[in-house]
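Here are my comments on the structure you sent. They are kept short and can be read beside the coordinates.

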Amino acid sequence: MYLSHLTLSHFRSHKLVRLELDARPVAIYGPNGAGKTNLIEAVSLFSPGRGMRRASAGDMARRPEQIGWKIAGHLNGPDGVHEIAFSSQNGAARQVQIDEKSTPQNALAKLARVVWLVPAMDRLWIEGAEGRRRFLDRLVLSFFPAHAEASLTYEKAMRERNRLLKEQVRDAMWYAVLEGQLAAAGAVMHANRMATLERIKLAQRGAETQFPVAELELVQSEGSMPETEADLLEAFGESRFRDIAAGRTLVGPHRSDLYGVFAAKGVPASECSTGEQKALLISLILANARALTEDLGAPPILLLDEVAAHLDAGRRAALYDEICALGAQAWMTGTGPELFAELGDRAQMLFVDDANGVSEVTPG
């Protein structure tokens with residue numbers, strides 16, 4: 001799948017951008033602060049959620065005007081071409097239209113698969129478990145679009161349960177319905193996560209790549225991991241008095257963590273060098289793309305922000321070869337065209353510069 005047309009209006013630093021594209025990778029270069037990342041952030045909104053920066057709609061409006069913003073594009077996928085548009089006025093949540101019909105943003109997951117790697121993820125293995133869960137759930141969502149609904153149901157029920165816990169409510173009847181919802185949604189979340197890890201494992205196995213294989217495991221922050229709906233229901237009941245004392249829910253899939261190992265060395269990802277950690281992340285993104293290509297019959301859209309700057313010429317060439325072999329429209333950013341030299345005419349080049357506070361995009 002790929003975007004054949006993209007229009008941005010008053011989005012971030014871009015006042016007006018119109019791009020006509022083909023299915024080849026898109027190499028975007030220009031000075032720091034020119035608006036390269038803003039461009040691919042717009043593309044990330046073709047998937048459900050808040051985009052790769054997890055920003056609010058109000059934060060995406062161009063300043064100082066802040067008159068609202070709009071993004072539109074033609075998405076070419078296995079089932080044809082769809083016109084997709086997003087807009088936000090006065091900081092309100094973005095409105096989504098597919099083929100000129102208003103629709104919930106979760107419907108995007110049925111049409112588009114967008115996978116990204118951004119510099120903020122470089123510290124994935126050495127920071128908190130929340131970031132790793134978010135990374136895993138983005139992978140899961142690419143395979144199981146309904147995972148978003150299960151996650152929202154779980155989060156809503158947990159907020160209500162946590163409210164009861166903080167208020168020191170002890171009546172079991174108040175908890176029964178909420179814990180039933182948590183157990184049902186949590187079991188779906190756990191099953192989706194485990195299936196995704198297996199899919200990534202298979203996609204890495206036997207792949208000819210210069211990027212290292214990462215062994216992944218889902219672990220619990222403490223104690224054993226309840227997996228089934230019945231296990232979760234029992235765990236919530238047993239933990240209730242401990243949870244009341246803590247004022248929050250201490251068991252469940254929101255306490256899971258992603259553990260990674262550099263397979264060839266047997267070294268935990270958290271103990272690897274910065275370069276090795278980056279290579280492991282790239283390996284996982286490529287495995288995700290391979291698996292989706294097999295499942296859907298078309299590669300996802302890839303967003304790789306500043307990825308080339310962290311790789312030597314050999315690894316850059318290997319990355320570009322893999323992207324082109326997949327046939328993926330990968331949007332990649334870098335400061336100079338030399339970072340994309342190994343792509344040659346296999347990519348379409350865009351130059352982004354800043355002119356008096358307005359980003360300008362021209363063919364490279």
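The points below take up strand pairing and then salt bridges.

1. Status of the coordinates. This is a predicted model. The remarks that follow should be read as remarks on that prediction.

2. Pairing of S1 and S4. Strand S1 covers residues 2–11 and strand S4 covers residues 69–77. The two run antiparallel and are joined by 7 bridges. As an entry point for inspection, take tyrosine 2, whose bridge partner in S4 is asparagine 76.

3. Pairing of S4 and S5. S4 is also joined to strand S5 (residues 80–88), again in antiparallel fashion, here through 9 bridges. With 2 residues between them, S4 and S5 make a hairpin. Within this pairing, leucine 75 lies opposite histidine 82 of S5. S4 thus has bridges to S1 and to S5.

4. Salt bridges overall. How many salt bridges does a search of the whole structure find? The count is 21. A few of them are taken up below.

5. Arginine 12 and glutamate 41. Their side chains form a salt bridge with an N to O distance of 2.8 Å. The two residues are 29 apart in the chain and belong to distant parts of it: arginine 12 sits in the loop between S1 and strand S2 (14–20), while glutamate 41 is in helix H1 (residues 36–44). Are these partners buried or exposed? Arginine 12 has a relative accessible area of 18% and is therefore buried, since the cut-off is under 20%. Glutamate 41 is buried as well, at 0% relative accessibility.

6. Arginine 163 and glutamate 167. A salt bridge joins these side chains too, with 3.5 Å from N to O. Arginine 163 is partly exposed, because its relative accessibility of 36% falls between the 20% and 50% limits.

7. Arginine 199 and glutamate 294. The closest N and O atoms of this salt bridge are 2.9 Å apart. The pair links distant parts of the chain, 95 residues apart, with arginine 199 in helix H4 (residues 172–204) and glutamate 294 in helix H6 (residues 274–296). The partners fall into separate accessibility classes: arginine 199 is buried at 17%, whereas glutamate 294, with a relative accessible area of 57%, is exposed.

8. A network. Which residues are joined into one network by salt bridges that share partners? They are Arg161, Glu179, Arg240 and Asp243.

Conventions
Residues are numbered from 1 along each chain as its sequence is written. This is a predicted model: local features need pLDDT of at least 70, side-chain atom pairs count only at pLDDT 80 or more; totals for chains, interfaces and linings use all residues. Side-chain values use heavy atoms; hydrogens and water are left out. Two strands pair if DSSP finds at least two bridges between them. Helices (H or I, at least four residues) and strands (E, at least two) are DSSP runs, numbered from the N terminus. A salt bridge is a side-chain nitrogen of Lys or Arg within 4 Å of a carboxyl oxygen of Asp or Glu. Buried means under 20% relative accessible area, exposed over 50%, partly exposed in between (1.4 Å probe, protein chains only).
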